[in-house]
Amino acid sequence: AYFTDEPLIGAETAECAALVRRADNLVFVYPSTLSTVPPGLKGWIDRTFVPGVAFTLGDRAGSKHGLSHIRNLTGIALYDESRLDVLRQGDNGRRLIRRSIRLCGGLRTRSHWIGHDSSSMSSGRWRARDGVRVKVVVAYAHPCEESYAAAVRDRVIGGLRVAGCQPLLIDLYGSLYDPCLPFPVADARAL
């Protein structure tokens, strides 16, 4: 999809890309599986943060930031392992969000990380200034509505609303997002 004229390969992906383009802040809430993001969230990131949305490829060997309007990039990971095991395995989800996606932001984009516990999100950095409501996209990836991850999601959204923000939820499992590429098998072999 990267090498086509239209890298957004579906209507659902185009809607998500439009939300990301309008957002001031991005929040990722997910349970860490094998020290990384779940496959559904990884597939969504791969298909949403494409050329024209997250970055622009230049004529020369460089690229330009496409998410320079993002002020805060936050990851909230719910680990099922000890902190030592997560550090030993490298915490790939943290690297993906705080490094790879952060590189698509501008120089003023700040990244934050919360591991395992549901810290309050009503801190001063989320408060709207001069009565302007801050738009925050919350990407949530967990199939069970009665899970700890769902409770953290609700706490995050509630804290953002109390802080005067305007959270926009993208529920990858609730919208039945399919992380598999829609190409036929014959096309996949040609790649």
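Let me begin with Ser 111 and the residues around it. Setting aside positions up to four places away in sequence, Ser 111 touches Leu 73, Arg 98 and Arg 102. Please keep in mind throughout that the model is predicted. Ser 111 sits in strand E5, which covers residues 110-115. Is this serine buried or exposed? Its relative accessibility is 18%, and the limit for burial is under 20%, so Ser 111 counts as buried. There is also a partner from an earlier part of the chain: Thr 74 is 37 residues away in sequence, yet the two C-alpha atoms are 5.6 Å apart.

Two of the names just mentioned return when we turn to internal space. How many cavities of 30 Å³ or more does the count give? The answer is one, and the space within the largest cavity is about 40 Å³. Its lining consists of Leu 26, Leu 67, Ile 70, Leu 73, Ile 101, Arg 102, Gly 105 and Thr 109. By character, five of these lining residues are nonpolar, two are polar and one is charged. Leu 73 and Arg 102, then, are contacts of Ser 111 and also belong to the cavity lining.

Let me now step back to the overall layout. The protein has six helices and seven strands. Read from the N terminus, the order is α-β-α-β-β-β-α-α-β-β-α-β-α. The chain has 191 residues, and 45% of them count as buried. Among contacts with a separation of 6 or more, 78% are between residues 24 or more positions apart. The exposed surface comes to about 10,700 Å², with carbon and sulfur atoms supplying 54% of that area.

I turn next to the interior. In soluble globular proteins, nonpolar side chains tend to be buried together. Here, the largest nonpolar core holds 31 residues. Which of them touch the most other members? They are Leu 26, Phe 28, Tyr 30, Leu 41, Trp 44, Ile 45 and Phe 49. Several elements give two or more residues to this core: helices H1 (11-22), H2 (39-48) and H4 (92-103), together with strands E1 (25-31), E4 (72-78), E6 (134-140) and E7 (165-171). A second, separate core has 16 residues, including Ile 76, Val 138, Tyr 140 and Ala 150.

Helix H2 merits a closer look. Seven of its ten residues are buried, and the helix is mostly covered. The buried positions are Gly 40, Leu 41, Gly 43, Trp 44, Ile 45, Arg 47 and Thr 48. What does Leu 41 contact beyond its neighbours within four places in sequence? Its partners are Phe 28, Tyr 30, Ala 139, Ala 141 and Leu 172.

The arginine in that list is a charged residue. Arg 47 lies in helix H2 and has a relative accessible area of 11%, so it is buried. Its C-alpha atom is 7.9 Å from that of Pro 7, with the two positions 40 residues apart in sequence numbering.

Just beyond the helix comes Phe 49, in the loop between H2 and strand E2 (55-57). This phenylalanine is buried, with a relative accessible area of 5%. Val 20 lies 29 residues away along the chain, and the C-alpha atoms of Phe 49 and Val 20 are separated by 8.8 Å.

Ala 141, already named as a contact of Leu 41, occupies the loop between E6 and helix H5 (148-162). Its relative accessible area is 1%, and Ala 141 is therefore buried. Leaving aside neighbours within four places, this alanine is in contact with Val 29, Tyr 30, Pro 31, Pro 38, Leu 41, Leu 172 and Tyr 173. Val 37 is 104 residues from Ala 141 in sequence, while the C-alpha to C-alpha distance is 8.8 Å.

My final residue is Asp 91, in the loop between helix H3 (83-89) and H4. What is notable about its backbone is phi: the angle is near 50°, a positive value in a residue other than glycine. At 7% relative accessibility, Asp 91 counts as buried.

Terms used. Residues numbered from 1 in each chain as written. Predicted model: local features only at pLDDT ≥ 70, side-chain atom pairs only at ≥ 80, totals over all residues. Heavy atoms only, no water. Helix = DSSP H or I, 4+ residues; strand = E, 2+ residues; numbered from the N terminus. Buried < 20%, exposed > 50% of the residue type's maximum accessible area, 1.4 Å probe, protein only. Contact = heavy atoms within 4.5 Å. Areas by Shrake-Rupley, 256 points an atom, 1.4 Å probe, with all protein chains shown as cover. Core = buried A, V, L, I, M, F, W, Y, C linked by side-chain atoms within 4.5 Å. 1 Å grid on protein atoms, 1.4 Å probe; cavity = no way out; pocket = protein on both sides within 12 Å on 5 of 7 lines; lining within 4 Å. Points joined across faces, edges and corners; volume = space filled by probe spheres on them.
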